[in-house]
Amino acid sequence: MSRHDTEQDQLETIKAWWDKYGTGLLSVILVIVLSFSGYRYWQGYTYNKAVEASSVFEVLDMSLATGVFGEVSREARRLMQDQPKSPYSGSAALMLADFHWQAGEIDEAIDALSWLVNSKQSADLKQIAQLRLARIYIQQADFVAAQQQLDLLHSQRLAPAVTANVDYVAGLLALAQKQTAQAYEMFKRVVENEQAQSDLRNLASIQMDDLAIE
């Protein structure tokens with residue numbers, strides 16, 4: 001067998017292999033390239049969205065501090081709508097609810113807090129929203145709605161400090177319903193909770209003193 005015949009055989013073997021596997025190999029390479037490009041695009045997209053959310057939140061925070069939040073409140077709503085999973089959206093919802101509450105726009109405040117409760121934000125932010133909702137409902141004498149929020153909180157695994165806040169609001173709810181003994185017991189739990197914030201314990205202690213006088 002001549003050298004020419006050997007090279008010709010190798011060439012024919014390669015051509016046969018390519019005819020059999022070439023299209024599949026190109027498809028695999030194409031998938032890898034497209035996947036990598038897609039991954040790089042998604043990384044860039046999520047980074048840009050995070051930067052955008054951070055910038056919007058910074059404006060909201062500054063506006064709140066300078067008392068002009070109302071001028072940019074629509075940006076808070078847009079952030080909540082466009083990036084509902086961003087932690088900045090959760091904080092923006094709390095800001096928006098406080099703004100409406102201070103303005104006496106109760107329904108709008110409830111809407112903002114309800115959005116947060118039903119969102120996919122962190123448990124910590126949702127618990128804050130539930131506590132504030134319960135307080136609003138107590139102010140509005142909607143005791144059933146307030147109790148529903150407290151029941152939802154009690155159904156969760158709460159940190160001791162959060163439990164103190166829930167017990168305090170439960171005391172306020174009992175007080176609003178003139179259930180003095182129940183209110184006293186709730187405030188007592190707060191005072192005895194070593195993980196409760198000192199300000200909250202002081203408030204609960206004052207409430208207990210007032211109830212004792214009565």
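## Salt bridges in helices 1 and 2

R78 is partly exposed, with a relative accessible area of 31%, and in this predicted model its side chain meets that of E75 in a salt bridge of 2.9 Å, N to O. Both residues lie in helix 2 (residues 73–82), 3 residues apart, about one turn of the helix, and E75 also counts as partly exposed, at 25% relative accessibility.

R78 forms a further salt bridge with D82, where the closest N and O atoms are 3.5 Å apart; D82 and R78 are separated by about one helical turn because they stand 4 residues apart in helix 2. D82 is partly exposed at 41% relative accessibility. In helix 1, the side chains of E52 and K49 meet in a salt bridge of 3.8 Å, N to O, with relative accessible areas of 32% for E52 and 21% for K49. K49, E52, E75, R78 and D82 are linked in a network of salt bridges, and the count of salt bridges comes to 6.

## Nonpolar surface patch

W17, W18, Y21, L25, L26, I29 and V33 make a nonpolar surface patch of about 680 Å². Of these residues, W17 is found in helix 1 (residues 3–65) and counts as partly exposed, at 44% relative accessibility.

## Helix packing and a buried histidine

The axes of helix 6 (residues 143–154) and helix 7 (residues 160–176) come within 11 Å and cross at roughly 155 degrees, so helix 6 is roughly antiparallel to helix 7. Helix 6 passes helix 7 in a left-handed crossing.

H100, found in helix 3 (residues 87–102), counts as buried at 4% relative accessibility. Between H100 and I110, which are 10 residues apart in sequence, the C-alpha to C-alpha distance is 8.8 Å.

Key: Residues numbered from 1 in each chain as written. Predicted model: local features only at pLDDT ≥ 70, side-chain atom pairs only at ≥ 80, totals over all residues. Heavy atoms only, no water. Patch = residues over 30% accessible without salt bridge, like charges linked within 9 Å, V, L, I, M, F, W, Y side chains within 5 Å. Areas by Shrake-Rupley, 256 points an atom, 1.4 Å probe, with all protein chains shown as cover. Salt bridge = Lys/Arg side-chain N within 4 Å of Asp/Glu carboxyl O. Helix = DSSP H or I, 4+ residues; strand = E, 2+ residues; numbered from the N terminus. Buried < 20%, exposed > 50% of the residue type's maximum accessible area, 1.4 Å probe, protein only. Axes fitted to C-alpha atoms, helices over the stretch in contact; angles between N-to-C directions. Parallel < 35°, antiparallel > 145°, perpendicular 65-115°, else oblique. Left-handed = near helix turned anticlockwise from the far one by under 90°.
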